Amino acid sequence: MFKQILSKIPRKSSKSSENREHKNASSAGLNASSSVRKSDVGSNRTSNNQHNMGANGASSAGQNQGKKVSRTVDTMMNGVMLSSYEALPSFRDVPSSEKQSLFIRKLNMCCVLFDFHDPTKNLREKEVKRQTLLELVDYLSSANGKFSENVMLEIIKMVSVNLFRSLAAQPRENKVIEAFDVEDEEPLMDASWPHLQIVYEFLLRFVASPETDAKLAKRYVDHSFVLKLLDLFDSEDPREREYLKTILHRIYGKFMVHRPYIRKAINHIFYQFIFETEKHNGIAELLEILGSIINGFALPLKEEHKLFLVRALIPLHKPRCLPMYHQQLSYCITQFVEKDCKLADSVIRGLLKYWPITNSSKEVMYLSELEEVLEATQLPEFQRSVVPLFRQIARCLNSSHFQVAERALFLWNNDHIENLIKQNCKVILPIVFPALEKNARNHWNQAVHSLTLNVRKIFSDLDPELFEECSLKFQEDESQEEEMRAKREATWKRLEEIAAEKAKSSEPVLVPLILPARTTSGL
């Protein structure tokens with residue numbers, strides 16, 4: 001009995017030591033195996049921790065096995081030993097039944113990220129990945145069957161790992177303050193673009209492919225995926241933003257279920273840009289997408305779309321970096337007015353609200369946009385805002401900056417606008433006549449002077465009696481202003497004389513303090 005018990009004791013001890021050895025051997029096999037299969041690349045990485053671009057740090061493959069083992073094992077990147085990072089067979093070299101499996105293995109292989117900040121590092125592996133990405137693009141383009149759910153999962157996983165990353169910090173913190181200078185600067189190019197470009201091309205072809213079933217793919221191209229794509233629009237690299245613009249537009253067209261969410265997410269980006277940061281690189285591209293979307297809005301316009309115009313698009317005129325995206329913004333605004341002419345009054349008053357005071361270059365852009373809006377404006381909407389509109393135009397006519405005055409005068413060269421002005425001549429002429437008269441007498445620029453005389457002639461020929469009345473009124477106002485000026489000069493001269501007399505006797509000049517009368521209400 002005792003022999004049986006004693007015989008079991010060493011057997012138990014050896015069994016536990018075997019288990020420990022088995023565990024250590026398994027760990028060593030995971031960390032030091034030099035023949036890792038390409039199909040296991042994706043399973044050996046943690047997808048949630050590898051969305052950031054670049055190397056996650058090279059470490060010794062035998063880190064858990066001591067220094068001796070680590071010297072004999074090549075470095076690892078993203079959980080995969082680079083010594084095993086070899087090209088997989090071409091799709092032409094495998095039978096059709098194995099192509100989908102090979103496609104997934106290649107996708108997993110491309111989930112490995114490399115450090116592009118050091119151009120001399122991992123050259124062979126980078127080229128292997130680039131060639132593999134090109135093969136994936138070709139395979140995707142020639143696919144002749146619907147993509148399975150498993151394949152879509154692997155596609156989105158590979159795309160997410162490569163694209164979704166922290167964008168490089170922007171070194172030019174003052175770029176929005178000097179928007180015109182930024183246009184002359186060289187854009188910051190992403191060092192990893194040789195791989196990023198092919199991944200973007202792969203994603204674009206996947207979204208546009210007729211073999212991509214939108215009902216199935218929407219599980220993976222979901223709200224989270226779209227939101228991360230939108231975050232990338234802040235990239236400094238214009239090549240990346242161009243790809244993102246095309247891809248997001250295709251997603252908007254293919255995945256109808258995501259359309260409201262995409263519009264809402266873009267709204268949020270605009271709100272943050274307008275009211276918080278005034279810093280974003282992709283506003284022009286987002287507006288370009290919206291221009292196409294607005295063009296497809298059904299009539300009558302939904303209240304949601306009108307609110308978007310009033311709360312997001314019109315306030316986009318406020319930031320100082322407006323020149324960077326004004327062309328696209330102007331197109332979106334004009335699209336709304338062409339869709340629903342009743343919105344013209346809101347747009348015109350919105351422009352007047354944000355009209356620049358000291359920025360002449362911005363004023364020229366506002367006037368150009370105003371002309372496009374007025375060209376799509378009908379008479380009833382024009383009459384609602386005619387008074388504040390032409391008060392502002394009159395101020396522009398008197399601008400000492402010749403381009404502002406010239407651009408304002410060019411409004412009369414537009415036949416539709418001239419027709420609107422003629423139909424409201426009795427209201428407009430009294431407002432702009434003083435500005436026209438001052439320009440005709442005193443403006444330093446010859447082109448502005450000539451254009452002013454042409455506009456005066458249009459009004460004179462249209463309604464000579466009204467023109468004469470305005471001329472007499474202007475002369476009366478001038479004489480009254482001259483009288484007021486003479487009185488002010490006489491008052492100041494009298495004060496100077498009194499001060500001079502007091503100065504001789506060193507007697508201070510006392511100015512009585514006149515307090516405002518207090519009301520007794522509420523006491």
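Here is a quick briefing on confidence, the nonpolar core and one loop serine in this model. The model is predicted, so to speak of local features pLDDT must be at least 70, side-chain atom pairs count only at pLDDT 80 or more, and totals for chains, interfaces and linings use all residues. Residues are numbered from 1 along each chain as its sequence is written, and side-chain values use heavy atoms, with hydrogens and water left out.

**Confidence**
- Mean pLDDT (the predictor's confidence in each residue, from 0 to 100) is 81 for the protein, with 77% of residues at 70 or more.
- Residues 1-76 have pLDDT below 50, and this stretch makes 89 contacts (heavy atoms within 4.5 Å) beyond near neighbours in sequence.
- Residues 172-182 are also below 50, with 19 such contacts in the model.

**Nonpolar core**
- The largest nonpolar core (buried Ala, Val, Leu, Ile, Met, Phe, Trp, Tyr and Cys residues joined through side-chain atoms within 4.5 Å) has 136 residues, and Phe270, Leu313 and Phe459 have the most contacts inside it.
- Helix 7 (residues 193-208; helices are DSSP runs of H or I, at least four residues, numbered from the N terminus) gives the most to this core, ten residues.
- Setting aside neighbours within four places in sequence, Phe270 contacts residues including Ile283, Leu290, Phe308 and Leu313.

**Ser235**
- Ser235 sits in the loop between helix 9 (223-231) and helix 10 (238-254).
- Ser235 is buried (under 20% relative accessible area, 1.4 Å probe, protein chains only), at 4%.
- Its side chain reaches the backbone nitrogen of Asp237 at 3.1 Å.
- Not counting residues up to four places away in sequence, Ser235 touches Leu167, Glu240, Arg241 and Asn281.

Note on methods. Helices (H or I, at least four residues) and strands (E, at least two) are DSSP runs, numbered from the N terminus. Buried means under 20% relative accessible area, exposed over 50%, partly exposed in between (1.4 Å probe, protein chains only). A polar contact is a pair of N or O atoms within 3.5 Å; within protein, one must be able to donate a hydrogen and the other to accept it, and residues adjacent in sequence count only if both atoms are side-chain atoms.
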